[in-house]
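Reader: Please show the sequence and the model. I should then like to put some questions on backbone angles and on nonpolar packing.

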Amino acid sequence: MGEAIVITSGKGGVGKSTTTANVGTALALMDKKVCLIDTDIGLRNLDVIMGLENRIIYDIVDVIEERCRLQQALIQDKRFSHLSLLPAAQTSDKSAVTEEGMLKIIAELKQDYDYIIIDCPAGIEQGFKNAIAGADKAIVVTTPEKSSVRDADRIIGLIEQREMERPQLIINRIRNHMMKDGDMLDIDDVIQVLSIDLLGIVIDSDDVIKASNDGEPVALKNDNKASIAYRNIARRILGESVPLQTLEENKGMFQKMKSLFGFKS
Amino acid sequence: MKQMQNDNQIISIKGTKDGLIFHINDEASYQDVILQLEEVLASVPHTDQQEKAANVTLQLGYRHVSPEQKKQLREMVEKDNHFYVEKFDSKVISREKAKQWFEEHSLKSISQIVRSGQILDIEGDLLLIGDVNPGGEVRATGDIYILGKLHGIAHAGTKGNDEAVIAASYMNPNQLRISQYISRAPDYETEGVYMECGYLDKENEKIVIDRLQVLPYVQRKLRKLKGGMYDG
């Protein structure tokens, strides 16, 4: 019996789909059976990030309106045989999916998969309600910006009214130099306001954008900070306790020497 | 004034410096009260010159009168413009009224985080154990005490109670509202303050924020508390 996790944020553009793709991929790397569901009907893009756009034949609306079986709509990932994607429809709108339809699909997927990761659309309307309908727990993604934290707070309030586990938090797109200068909210500031458990922090990296464009989730890379962050998050989901990444840049030899001799680096 | 010497008189009139008191025996039936009130009022000597109407208090004792009956009594007494019913004085209130009074004067303690977009609205005084996040709002008809951080909006005395106060362990609100008065945070970024309270300065019609320690003085000034602490 699998677990359904919804990735949500309220605000758009904070990295829900990227987080879904990478957390899903990282879990698949750890040999878990994972299914990703894109519920952003009309604005689908999880398939693009996963590089599976060309393989779509049926979508979630086809399944709900019984034009195909669920198994027919699932797309197997190029890299892992135990990672699948249920794509959103691009031509319908959010009202094409119902909460009952979602519950049915998720119940069926839970038989076969360990983790079902649901990518939630921005906003708090029907699309959001559909996405969280069948979820056992929620991961809230926010960036260290006031507007994003405000929306995350609203979302957490809505989730708390449901019978779900306490949501967990991912702080995305951290820019270390801005945080140090106080131009961005501190990690502690964010946690103090939202007062939920922190699942992970992800540094803002150019590689994430590049990887999205290539259709290769960044979690597949070895040495990237964002990649390590996503894999750490996956390990925490599996119940391991992994310390938070340090935000400091890796210092070069020369800088190490400088700091050793008491120069300000 | 023959009626007034009668043994089974229902209505007796007493004069005080604040006006007249009509004491209505609460054991008589309402019908008898009406009948006798008519007689009593008819026996009042009519003077031609226009005098100022005398203030009257209707003492009802343990009698419960409905709003309609109240209206009838008032109309009867005020009919000839000799009297003006200042107030009804009754020793009983209805169960609903008592319940409402209790609701408005009891302290509700609630522990939760009031998040953005959420409104916590209660009757009476509120003790919130938890934070009010930016964009969240707490409302109470009485006082608001917050054991936590106030970042959002707090509205005390929502039904027009100017004496309501707002106290918080950490105060950095978007807005404070007391009764119909509103004060908001300045446009520049501010650090919050610990252990503060807000109350209405009635002379300047402004909400003032001060240390929590001034609250006893404020409350003493705002309302005359009965009972309280005794210093051995």
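Reader: Is B:Met195 buried or exposed?
Author: In this predicted model, local features need pLDDT of at least 70, side-chain atom pairs count only at pLDDT 80 or more, and totals for chains, interfaces and linings use all residues. Residues are numbered from 1 along each chain as its sequence is written, while chains are lettered from A and ligands numbered from 1 in the order in which they are written. A residue is buried if 20 or more other C-beta atoms, placed from the backbone, lie within 10 Å of its own, exposed if 12 or fewer, and partly exposed in between. Because B:Met195 has 12 C-beta neighbours inside 10 Å, it counts as exposed.

Reader: In which loop does A:Glu66, with its positive phi of about 60°, lie?
Author: A:Glu66 is not a glycine, yet its phi is positive. It is exposed, with 8 other C-beta atoms within 10 Å. Helices are DSSP runs (H or I, at least four residues), numbered from the N terminus. The loop is the one between helix H3 (60-64) and helix H4 (70-73) of chain A.

Reader: Which element gives the most to the largest nonpolar core?
Author: A nonpolar core is a set of buried Ala, Val, Leu, Ile, Met, Phe, Trp, Tyr and Cys residues joined through C-beta atoms within 7 Å. The largest has 77 residues, of which A:Ile60, A:Ile116, A:Ile118 and A:Tyr230 touch the most other members. With six residues, the element that gives the most to this core is helix H11 (residues 225-237) of chain A.

Methods:
Helix = DSSP H or I, 4+ residues; strand = E, 2+ residues; numbered from the N terminus.
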